[in-house]
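Please open the structure in your viewer and keep the sequence panel visible. The tour below proceeds by selection, one stop after another.

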Amino acid sequence: MHSDSNRPVTIITGASRGIGAAIAERLAADGHDLVLTYREREEEAADVVRACEASGARVLLLRIDLADLDAASTVVPSAVAEFGAVTGLVNNAGITGRIGSFLDVDIDETELLFRINVLAPIVLTQAAISHMATDRGGAGGCIVNISSSAGATGSANTYIPYAMSKAAINMLTTDAAKEFGPVGVRVNTVSPGTTRTEIHAVAGRPNAPDERAPGIPMRRPGEVHEIAGAVAYLFSPDASYTSGADIRVAGGK
Ligand SMILES: NC(=O)c1ccc[n+]([C@@H]2O[C@H](COP(=O)([O-])OP(=O)(O)OC[C@H]3O[C@@H](n4cnc5c(N)ncnc54)[C@H](OP(=O)(O)O)[C@@H]3O)[C@@H](O)[C@H]2O)c1
């Protein structure tokens with residue numbers, strides 16, 4: 001299914017639900033063809049594919065556990081084999097680890113968290129830039145890293161390793177934007193605040209979005225489409241000079 005059009009081709013990790021699914025549906029509506037990855041929620045992933053196809057997108061769906069870095073390294077080559085070229089990457093998939101005191105942090109869980117939140121984005125970003133860079137025969141491209149407001153503010157008493165992983169991804173954006181701006185690759189961050197998804201239930205606090213609402217200046221959690229809108233802006237022609245930026249979508253927090 002090689003691309004014979006000028007449609008952008010964008011990879012989104014963790015697109016079966018939550019913020020990743022909303023980004024997929026928004027970029028499909030904006031005219032992207034998509035490569036979507038998920039870990040295990042096959043039915044939800046299939047629903048997202050159907051919704052994107054209904055907007056006219058061609059979609060390649062890949063089941064990839066990003067904790068397996070060898071598997072992560074196959075995503076960009078699979079996308080290129082399917083579409084001929086890749087112009088965008090959204091490093092979205094992430095986990096928080098269990099909520100609790102830093103003193104109770106489990107090191108095995110933290111190693112897994114860093115694989116998924118930091119090492120897999122490094123592997124994917126290396127492969128994407130190698131393909132996109134104009135000094136390597138590429139046509140340039142756009143990368144968006146989904147961080148968290150916790151990456152700048154910290155997350156004491158909640159999940160410090162998660163905040164550390166997001167600080168790391170912030171620096172990936174800052175430095176990759178500098179190193180690869182000259183070869184046509186823009187790299188930016190979107191940092192959501194508390195957003196209504198299932199990530200909080202997995203962390204052990206399903207009601208966290210509503211519990212945190214009184215501490216958010218806008219007095220409510222974010223909704224996934226509000227995060228997707230910021231990502232869509234970064235892929236739009238309006239963002240043609242935007243690189244190394246961090247758009248915080250956190251209700252004023
Ligand atoms: N929700 C928030 O309040 C919030 C706030 C700030 C930042 N963020 C960031 O936004 C991003 C998306 O979060 P979300 O709330 O949408 O999360 P979510 O609802 O829990 O969805 C996570 C997505 O990532 C996938 N995923 C999880 N572990 C994976 C693995 N090992 N390999 C491959 N894919 C994996 C899941 O696939 P399956 O469905 O197959 O399991 C799913 O598609 C994350 O980077 C998160 O840190 C979220």
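**Two helices in contact**

Begin by selecting helices α5 and α7 in this predicted model. On the α5 side, the contact is formed by Thr110, Leu113, Phe114, Asn117, Val118, Pro121, Ile122, Thr125 and Ile129, which meet Pro161, Tyr162, Ser165, Ala168, Ile169, Leu172, Ala176 and Phe180 of α7. Colour these residues by type: the contact comprises 13 nonpolar, four polar and no charged residues.

Next, display the whole of α5, residues 107-132, and of α7, residues 160-180. Their axes come within 9 Å and cross at roughly 15°. Angles under 35 degrees count as roughly parallel, and α5 and α7 are therefore roughly parallel to each other. The crossing of α5 and α7 is right-handed.

**A residue in strand β4**

Now select Leu89, which lies in strand β4, residues 88-91. Is Leu89 buried or exposed? Leu89 is buried, because 30 other C-beta atoms lie within 10 Å, where 20 or more suffice for that label. Leaving aside neighbours within four places in sequence, show the contacts of Leu89: Thr10, Ile11, Leu124, Thr125, Ala128 and Ile143. Thr125 also belongs to the α5 residues that meet α7. Then draw a distance from the C-alpha atom of Leu89 to that of Ala168; the two residues are 79 residues apart along the chain, and these atoms are separated by 18 Å.

**Around the ligand**

Finally, select the 30 residues around the ligand, of which Gly14, Gly18, Arg41, Gly94 and Thr197 come nearest. This shell divides into 13 nonpolar, 10 polar and seven charged residues. Helices α1 (18-29) and α8 (199-202) each supply at least two of its residues, and α1 gives the most, with three.

Technical notes:
Residues numbered from 1 in each chain as written. Predicted model: local features only at pLDDT ≥ 70, side-chain atom pairs only at ≥ 80, totals over all residues. Near = placed C-beta within 6 Å. Helix = DSSP H or I, 4+ residues; strand = E, 2+ residues; numbered from the N terminus. Nonpolar A, V, L, I, M, F, W, Y, C, P; charged D, E, K, R; others polar. Buried ≥ 20, exposed ≤ 12 C-beta atoms within 10 Å, placed from the backbone. Contact = placed C-beta atoms within 7 Å. Axes fitted to C-alpha atoms, helices over the stretch in contact; angles between N-to-C directions. Parallel < 35°, antiparallel > 145°, perpendicular 65-115°, else oblique. Left-handed = near helix turned anticlockwise from the far one by under 90°.
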